[in-house]
Amino acid sequence: MAAPSSSSKNELKEKLKAEKAAEKAARYAAKQNKQKQEKPSQEKSKPQSSKAESQLPLPPFENDTPLGEKKALHSFDHPHFSAYNPSAVEAAWYQWWEKSGFFKPEACKQGSDAAGTFVIPLPPPNVTGALHCGHALANSLQDTLIRWHRMRGFTTLWVPGCDHAGISTQSVVEKMLWKKEQKTRIDLGREEFVKKVWVWKDEYHQRINNAQKLMGGSMDWSREAFTMDKNLSAATAETFCRLHDEGLIYRSSRLVNWCTALNTALSTLEVENREITGRTMLTVPGYERKVEFGVLTHFKYQIEGTDMTIEVATTRPETMLGDTGIAVHPDDERYTHLIGKYAIHPFVDRRLKIVADSKFVDPAFGTGAVKLTPAHDPNDYLMGKAHGLEFINILNDDGTLNANAGPKFQGQRRFDARYTVVEELTKLGLFVKKEPNPMKIPLCEKSKDVIEPIIKPQWWMQMKGMADAALEVVDKGEIKISPESANKSYRRWMSSVNDWWGHRIPAYRVILEGEDVAESDGSAWIAARSPEEAQTKAEAKYSGRKFRLEQDPDCLDTWFSSGLWPMSTLGWPNTESLDFKQFFPTSLLETGWDILFFWVARMIMLSLKLTGRVPFKEVYCHSLIRDSEGRKMSKSLGNVIDPLDIISGIDLDELHAKLYVGNLKEDEVSRAIKYQKTAFPGGIPECGADALRLTLISYTTGGGDISFDIKVMHAYRRFCNKIWQASKYVLGRLPENFTPVANRDTTKLSMPERWILHRMNAAVKGINESLEAREFSKSTQFAYQFFYDELCDIFIENSKSLLTDGTPEAQASVQQTLYQALDVALRLMHPFMPFITEELWQRLPKHEGDTTPTIMLASYPVHDPALEFEADARDYELGLQCAQAIRSLTSEYGVRSDGLAFIKASATDAYTKIEEQTPAIKSLCGKGVAEVKVVGPDANGDAIPDGCAVFVLTADISVFLELGSRLTNLDAEIKKVQTKLLKSQGFVKKQEELMSKEGFEDKVSDVVLTAERKKLADARAATENYQRTIEQFEKMKLGSEYEV
């Protein structure tokens, strides 16, 4: 990792910059506070009404439950529990769950009593800061599956932990160290710097765990792991030694991706390629001024012993200081006479051989002659190997030029030399021209520094055999990867994997007496689990010779150690560990598709190699979260959302203030503030963990990236209140000594009861099947539809009249059905929304003999064939359609009271089914309707008055809303309906044209096709309704004219 500049000028600049940012943040906070204090009161001096008093914000909820004890339930009359209050509802439960051991597999069913085992290793978050919404999404999905399996009787384990995140953590801690003490890790030394990292780890580790607990994650914290724990470190050393002893890990000097800012080599997967179309000035870490990229610089080399020159072109002119050859195409007549000759380097004593190469040289690009810098370019490296060229490294690890660059340039920074090289070429008359050139610029994913290819001795791992094995287990179905897009990506990448190159590498260089201290490719290395083992191995290998051991100071990248995560967290390499024997292989890995290659592939390969078994049986890759405008989350855009801010709420001023705590530049802060004002004009309202979880799960369709919108989150917060109020209603309708009945006689149930139990049963089946298929969004839709649309909006509304007008027996039956529907609904939703469901389930009366302590150990609902009432459901839904049609008409024509509705059934069967449901239909029509009359096929023609609005349901059933007495200007009303009719007819025509286009049905998905067909059907129905209504109004008009 490159040390920050030690010059006093740069030190002072950095210090002043930090002080300036701190002062600005303080001024901003003071300004906001002053504005709040000076804001004139909008309240009038007259006494406030009781209603206004009731609307005053509540003081924060104070939890009175002792830590770890079961929550003391408050009455619904308590101010914090009269309506849904997430902070009150979510208090205390987690501490009780954890203390009671409910998260441990030992709390679940065991052995033959269990349905099986279900184990998820939590992808360990990096200890580099707070959790973001991507973590919240992953945790929500995993906890949903864990809780679902636990309730279904599986022995369930979710293993938590954190990753030391080698490079990322080092980078963050080094920035903090420089900001606070103006010191680098080099100044401190390895041991002291590692101590600083551990202090950082302890602080942020606790912060991360607290966030995961606030989200309700039911991890077994007694099994928490950290990638640098004793056992996991031992697993890493064991792996390295085994693979080294087998010859799969080897030492070789090769071209690596070097980050000068972090002073480390990176995997290709940790490099981002930024495309530019031409000349572009970019900010590079460590440089005050922007650096020029996207320019092709042409210059000439002198041909040895002649006056001739050869023109070359490059986008990196500073690398010419490391040139050792020039390549031309063998068929390019411009240069065939020069093949085998030498050019002379203008700045160092070096000859450049001119070689012919048809594989890499394109005669049409640039000048057709390619300068070769084998030590600093991937293609040049291959050509250098092929043509036996010299490999000369011109860069120090910090990005400055070394002695190989020549005395004129030694010590210069690489991008300063980009300009001075051109200046010196110009002085010698060798510079030709510059021209724009599109190119890709490799950037370090962590530091955003421009990557330099440099030859370094590194540890490499042979991947071909391991990759083939990892492909085979997926082909055979031993591991299922979903969604299919992730599966295809995995196969494509594993088919072309290259050798790969954290923890301190457990390798020791054996330096024999009299041997050159500098490392070479022939140096002797020993892999050992400890210094003592290294000494023993070296003595055995070099018996009788004097030597000393030097451990490799470098670290394995963090993906090496985390690649062992599923097995090391369960005790490997101790294969006799109880956890390893019982829980390995694990069941599922849930992660983001963006680390499929970084991490997932390595886990599969290492597990197969070291244990002979797959590490998990399934991989589910969730989508990436973007902001509401579809942009990637970025601190500089201000669109990174802290899940805790969603759970607890945060005002806009506090969101702005957070931007000043960090390393954002002034223009980035301004841009971020602008976005926050647009996206969160009123800040982020308190939504709670349950609403956050349900929203994120509902977004997970298995498709593309997720566009996150806080408005959707707040809508699910309102759904929580719907659950709360419905539960209050049900519990308020149960008698004091109510006891649930286990086995009910369904033949005695009313039609509305059979309908709601039928719909409940359908939801149970749908949610279970959806979770089994990992169709997360679909599972939440079943839950939402059942609770909101069917239980609340229909059955609970219907139950009001049943409880008021029914016989004592009918009322008791409805109470049992309300209880049953609510109990099942809460258990169904618990995996998605653990807090509110526990709070409400604990208030429910229990079946006789039921001692289940918590909803998370209650049985998950399963489909019951005895609750299938298909025919009754169809009949009841016919009545529902009538009620919905009446509500539609009352809404459209503004009828708010004393409405009179008619349902005309022209078929006897339909009349019978509807007539017996008249009370239920009336109860569902809303307060605007005073009476509902059902008219049969034998009714007189005047049974329905003229002047009605019409809603045609089917060929046999039409709904009428009497408007005669409300219509004061028939001509005006007819004109209004005619306008609606024309609009509806136009939409029908447009929709018919769309759907009749050739190949339309083949081009769109089934979901889109169904939606478009429904649009057309609805528009046709509306057209007929308007036509029939106009007929009614015309008849009424004629009647009034006749009377006159």
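**Exercise 1.** Which residues in α23 meet residues in α25? Work out how the two helices lie against each other, too.

*Solution.* Keep in mind that this is a predicted model. Start with the ranges: α23 covers residues 710-733 and α25 covers residues 776-805. On the α23 side, the residues that meet α25 are Tyr716, Phe719, Lys722, Ile723, Ala726, Tyr729, Val730 and Arg733. Facing them in α25 you'll find Tyr784, Phe787, Tyr788, Cys792, Asp793, Ile796, Ser799, Lys800 and Leu803. Next, look at the axes: those of α23 and α25 come within 11 Å and cross at roughly 30°. Angles under 35 degrees count as roughly parallel, so α23 is roughly parallel to α25. Last step, the hand: the crossing of α23 and α25 is left-handed.

**Exercise 2.** Find the open sheet with the order β21-β20-β22 and say which strands stand at its edges.

*Solution.* Begin with the pairing, which is antiparallel across this sheet of three strands. The edges belong to β21 (524-527) and β22 (547-551); each has a single partner strand, so one side of each has no neighbour in the sheet. From one strand to the next, the twist averages 35°. Now zoom in on one pair: β20 (residues 507-512) and β21 are joined over four bridges. If you pick Tyr508, its bridge partner in β21 is Ile526. To finish, add the helix: α14 (residues 531-541) lies across β20, β21 and β22, and runs at about 140° to β22.

**Exercise 3.** Check Cys259: is this residue buried or exposed, and is there a disulfide to be found?

*Solution.* Take burial first. Buried means under 20% relative accessible area, and Cys259 has 0%, so Cys259 is buried. Cys162 also counts as buried, at 0% relative accessibility. Now for the bond: a search of the whole structure turns up zero disulfides. For Cys259, the nearest cysteine sulfur is that of Cys444, 3.8 Å away. A disulfide needs two cysteine sulfur atoms within 2.5 Å, so Cys259 is in no disulfide.

**Exercise 4.** Place Val271 in the fold and list its contacts beyond four places in sequence.

*Solution.* First, find the element: Val271 lies in strand β7 (residues 271-276). Second, check the surface: Val271 has a relative accessible area of 16% and is buried. Third, list the contacts: with neighbours within four places in sequence left aside, Val271 touches Asn257, Leu266, Pro442, Leu443 and Ile451. Finally, compare sequence with space for Leu443: Val271 and Leu443 are 172 residues apart in sequence, yet 5.6 Å apart in space, C-alpha to C-alpha.

Methods. Residues are numbered from 1 along each chain as its sequence is written. This is a predicted model: local features need pLDDT of at least 70, side-chain atom pairs count only at pLDDT 80 or more; totals for chains, interfaces and linings use all residues. Side-chain values use heavy atoms; hydrogens and water are left out. Buried means under 20% relative accessible area, exposed over 50%, partly exposed in between (1.4 Å probe, protein chains only). Two strands pair if DSSP finds at least two bridges between them. Axes are lines fitted to C-alpha atoms, for helices over the stretch in contact, and angles run from 0 to 180 degrees between N-to-C directions. Contact means heavy atoms within 4.5 Å. Angles under 35 degrees count as roughly parallel, over 145 as roughly antiparallel, 65 to 115 as roughly perpendicular and the rest as oblique. A crossing is left-handed if the near helix is turned anticlockwise from the far one by less than a right angle, and right-handed if clockwise.
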